[in-house]
2 protein chains.
Amino acid sequence: MVFTYAELFDFTKSILLNIGCPEKDAALAADVLLSADLRGVDSHGVARLSGYVRLWEKERINATPNIKIVHETPSTAVVDGDGGLGLVVAPFAMQVAIDKAKIAGTGWVSVKHSNHYGIAGYHAMMALEHDMIGISLTNASPLVSPTFSKERLLGTNPIAVAIPAKSQPAFVADMATTTAANGKLEILQRKEMDAPLGWVQDKDGNQTTDSNGVKKGGALLPLGGDREHGSHKGYALGAIVDIFSAVLSGANYGPWVPPFVAFLEPDPNPVGEGLGHFFGAMRVDAFRPADDFKSHMDNWIGRFRQAKPTEGNEKVLIPGDPERELEAERRISGIPLLKPVVDDLRSLGERFGVKL
Amino acid sequence: MVFTYAELFDFTKSILLNIGCPEKDAALAADVLLSADLRGVDSHGVARLSGYVRLWEKERINATPNIKIVHETPSTAVVDGDGGLGLVVAPFAMQVAIDKAKIAGTGWVSVKHSNHYGIAGYHAMMALEHDMIGISLTNASPLVSPTFSKERLLGTNPIAVAIPAKSQPAFVADMATTTAANGKLEILQRKEMDAPLGWVQDKDGNQTTDSNGVKKGGALLPLGGDREHGSHKGYALGAIVDIFSAVLSGANYGPWVPPFVAFLEPDPNPVGEGLGHFFGAMRVDAFRPADDFKSHMDNWIGRFRQAKPTEGNEKVLIPGDPERELEAERRISGIPLLKPVVDDLRSLGERFGVKL
C-alpha cells in the first residue's frame, strides 16, 4: 500500500495536534518522522507514530515542552528538552549549534530530558544549507552488549555526519554503531529469515543466526561482530555516543536509558533525565574559504565514485547515495507501507477521528 | 631484547638532534614516538624511527619547521605544519585546540602540510589534565579500499577520543577505522600466520586470509569487513576522518596522501600539502560542572566494568584498559624490541655515532 508524502504528513500532523502538540511542533515532528520513510529507514518513520502516542499516554512524553538552554559558553550549550518529543527537541538543539557556529566558528550542544529523535541524519543535514558540517548523535534504549558481555548496556547509538559539497550532492553518513541496525533485523523477522552471523548474540553471549535472538534475551552486536573482527571498536564508538549525549548533558546513559516501548517501565532509580543527544555544527569557512572546501569535496566525491569496482559490483557508493536516490523516488511515486503498519495507523486514526 | 624507556628516549632524541631538530622538538618527538611502544602499539613506535630519517633524507620532512596558525575563529584554527615531523606538529595543534577551548568552550584544529604523527591517542590524551575531552584524527597513506572497490583510496585513518573521569582512569579509545590495524597484520606476517577473513582483500577485491595480501596489491578492509557486516560504516568513518583532516585544512586526501615509506614517491600532482590531522578539545565544564561530569563518568565506567561477562571471558574492558596496563608494566620492566628492530636502530645509530 502506497501513500503520498502529503497524505502521511497531514495524518501524522493531525494525530500530533490531537495529543496536544502546538501547530508548529506537530508539523516539524511530522516532517522529521517522515524523512525516515522517504529515505528508506522505515523502522524509524511513521511506523513509530503509535509508539510515540503510547508514551504520551503514559505521560512519558510532554506535548507542550518548555525546551531551553540551561548552560552555555560561546561554542557550547546544554539543552533541556523538558520531556518533549525528540522529533522537536532535536531540531531546536541543532539550531542552537548552528547559531553558535555562526559566531564562534563551531557549535556543540548536548541535550538531556529528551525522547527518541527519529533518524540521526535529518538533524545533521540541517547544517548543510548554512555551508556547515553537521553532526548528530543520540543514545537509545539498551539493546547492545559490549564486547565480552552478555548484558545489554548500550543502544544502537547512531552517528550521523553531513558534509556539504558544491556540484555533487552532500556526503551524508548516518549509521548505527552496531553491525546492523535493529530495523534491518525487523525486516528479517517479518520474512522469517535468519540473520547473518555477526549481527546478534543469544542470551548467553554466543553468536546466533536467530533473527529473534534479541527478543529472546540476546543482544545486537557492536560493529565488528566479535573481538577478532573489531567489535571492541564498535563498542567504543557506541560508548562515545552515549557519553557525549548523556554524561555531558545529564541525561540517562547506558542501561538506564528509558525504553522506547511504553510497556517497559523506565528504571525507578535514573541517573539522569530522559535520554540524550549531541549535535555539532562547524562552519567550513571557519577553516578555509567555503568555495575551496566545496570544490575539493566535489573532487573527493568524484574520485571515490570513479574507484574501480570489484567484480559483481557496479560502483562505489558515497555515504548518503542510496537514501537520496530513494527519497527522490518516493517523493514522486509515494511511500510504501506494510499492511500491519497501515492497520495500526488506521486504528490510531479512528481513536482521534483522523482518516488515512 | 628489552630496553628501558630512558635508554630508548635518549637514543631517539639524539638521532633527532642529529638530523637537525631543535632540542625541544627532539625531546617531544621522542616522547610521542615512545608512547606507542609503552602502550603496546609497537608498529607506531621507535621501530619507525629510521623511516622518519629516510623521509628527512629525501627532504620530505623539515627538521626546523615554522609551524603556524594560518586561519582562525574563536573556536577553530588551521595549522600549517611546514613539512615538520607530525610528532611535533600534532602536539602544537592540539595545544591550540586546548587554548581555544579555555576561552570558547571548545577548540577544533585542522592541520595541513604535516607528516605521520605517531599514535592518535597521545594527542587526544593531552586534553585530560585540563578536564577536557580530547579528539585526534589523522589521515594516512592509502592502504584501504572502500566497500565494493579494489582500489586503495583511504589510510587506516584512526579515531582517538580521551574522556576524563574522577577516581577511575580515563576512557581512551584509539582505533584504526579498519577491521584490524596494519600493525596487527605485520605481527602475523612475521609469524608467517594467516589473517582471519574480514581483515584483507586481494588485488581483485576478494577476501583472503593471506597476511601478505596488502603487499601483493590487495587492501585492508574497512571496519565491518564486508557489506553484510557493515563495512560501509567503516568506510564512512575512514572517509570522515580523511575529510576533517585534509579537505578542511588543505592537505592531501584519499589516494593523494603521501606514502610513509621513502621509496615510494608522492603523487606529482598533489591536491593539497602533506598529510592532514584534526584535533578537538571540549572543556567538560562548558556543558556541566566538571565534578558532576567526572562522577558520572566513574559511574559509567564502574557499571560497564561490572557487566556480566560471557563464558570464557573474564571481564568487560573499558577502552584504554589494555594500553594503560601495558604502559604501567613497561615503564617498570622495560620495552621489548624485536631483533630486526634493534639491528635497524643500531645501524642507524652507527651512522650518527649514537649508541644503543
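**Exercise 1. How many salt bridges are counted between chain A and chain B?** Determine also how much of each chain takes part in the contact.

*Solution.* The model examined here is a predicted one.

Step 1. Begin with the charged pairs across the interface: between chain A and chain B the count is 2 salt bridges.

Step 2. Inspect a pair of side chains. E151(A) and R303(B) meet in a salt bridge, with a distance of 2.7 Å from N to O.

Step 3. Turn to the residues in contact. Chain A contributes 90 residues, and chain B contributes 90 residues.

Step 4. Consider the area. The size of an interface is often given as the accessible area lost when the parts come together. Between chain A and chain B, about 7100 Å² is buried, and carbon and sulfur atoms give 69% of this area. On the side of chain A, the residues that lose the most area to chain B are F148(A), K233(A) and F287(A), which together make up 11% of what that side buries.

**Exercise 2. Identify the residues and elements that line the largest cavity, and state their class.**

*Solution.*

Step 1. Search for enclosed space. Rolling a probe the size of a water molecule over the atoms shows where empty space is left. Over the whole structure, the search finds 4 cavities of 30 Å³ or more.

Step 2. Select the largest cavity, which holds about 400 Å³ of space. It is lined by 20 residues, and those closest to its centre are I135(A), I159(A), I135(B), I159(B) and F244(B).

Step 3. Assign the lining to elements. In chain A, β5 (132-138), β6 (159-163) and α7 (231-247) each supply at least two residues. In chain B, β5 (132-138), β6 (159-163) and α7 (231-247) likewise each supply at least two.

Step 4. Sort the lining by class: 20 residues are nonpolar, with no polar and no charged residues.

**Exercise 3. Which parts of chain A does the salt bridge between K294(A) and D131(A) tie together?**

*Solution.*

Step 1. Place the pair in its setting: 36 salt bridges are found over all chains. In the one formed by K294(A) and D131(A), the closest N and O atoms are 3.0 Å apart.

Step 2. Locate both residues. K294(A) belongs to helix α8 (residues 290-305) of chain A, whereas D131(A) lies in the loop between α5 (120-125) and β5 of chain A, so the pair ties together parts that are 163 residues apart in sequence.

**Exercise 4. Describe the strand order in the open sheets that contain β8, and explain why β9 and β10 have a free side.**

*Solution.*

Step 1. Read the order in chain A. Here 3 strands form an open sheet, β9-β8-β10, with antiparallel pairing. Both β9 (207-208) and β10 (219-220) of chain A stand at the edges with a single partner strand each, so one side of each has no neighbour in the sheet.

Step 2. Examine the pairing. Strand β8 (residues 200-201) of chain A is joined to β9(A) by 2 bridges. Q201(A) stands opposite Q207(A) in β9(A).

Step 3. Read the order in chain B, where an open sheet of 3 strands is arranged as β9-β8-β10, again with antiparallel pairing. Strand β8 (residues 200-201) of chain B is joined to β9(B) by 2 bridges. The bridge partner of V200(B) in β9(B) is T208(B).

**Exercise 5. How many residues lie between β2(A) and β3(A) in their hairpin?**

*Solution.*

Step 1. Establish the pairing: β2 (residues 68-73) and β3 (residues 76-80) of chain A are antiparallel and share 5 bridges. E72(A) has A77(A) as its bridge partner in β3(A).

Step 2. Examine the connection. The hairpin of β2(A) and β3(A) has 2 residues between the strands.

**Exercise 6. What surrounds A170(B) beyond its neighbours in sequence?**

*Solution.*

Step 1. Locate A170(B) in the loop between β6 and β7 (171-175) of chain B.

Step 2. List the contacts outside four places in sequence: L128(B), I163(B), P164(B), A165(B), P319(B) and R324(B).

Step 3. Compare sequence with space. A170(B) and D321(B) are 151 residues apart in sequence, while their C-alpha atoms are 9.0 Å apart.

Note on methods. Residues are numbered from 1 along each chain as its sequence is written. Chains are lettered from A and ligands numbered from 1 in the order in which they are written. This is a predicted model: local features need pLDDT of at least 70, side-chain atom pairs count only at pLDDT 80 or more; totals for chains, interfaces and linings use all residues. Side-chain values use heavy atoms; hydrogens and water are left out. Two strands pair if DSSP finds at least two bridges between them. Helices (H or I, at least four residues) and strands (E, at least two) are DSSP runs, numbered from the N terminus. On a 1 Å grid over the protein atoms alone, a cavity is a set of points where a 1.4 Å probe fits but cannot get out, and a pocket is an open set with protein on both sides within 12 Å along at least five of seven lines; lining residues have an atom within 4 Å of a point. Grid points are joined across faces, edges and corners, and a volume is the space filled by probe spheres set on the points. Ala, Val, Leu, Ile, Met, Phe, Trp, Tyr, Cys and Pro count as nonpolar, Asp, Glu, Lys and Arg as charged, and the others, Gly among them, as polar. Contact means heavy atoms within 4.5 Å. Buried area is the accessible area (1.4 Å probe) that two parts lose on being put together, summed over both. A salt bridge is a side-chain nitrogen of Lys or Arg within 4 Å of a carboxyl oxygen of Asp or Glu.
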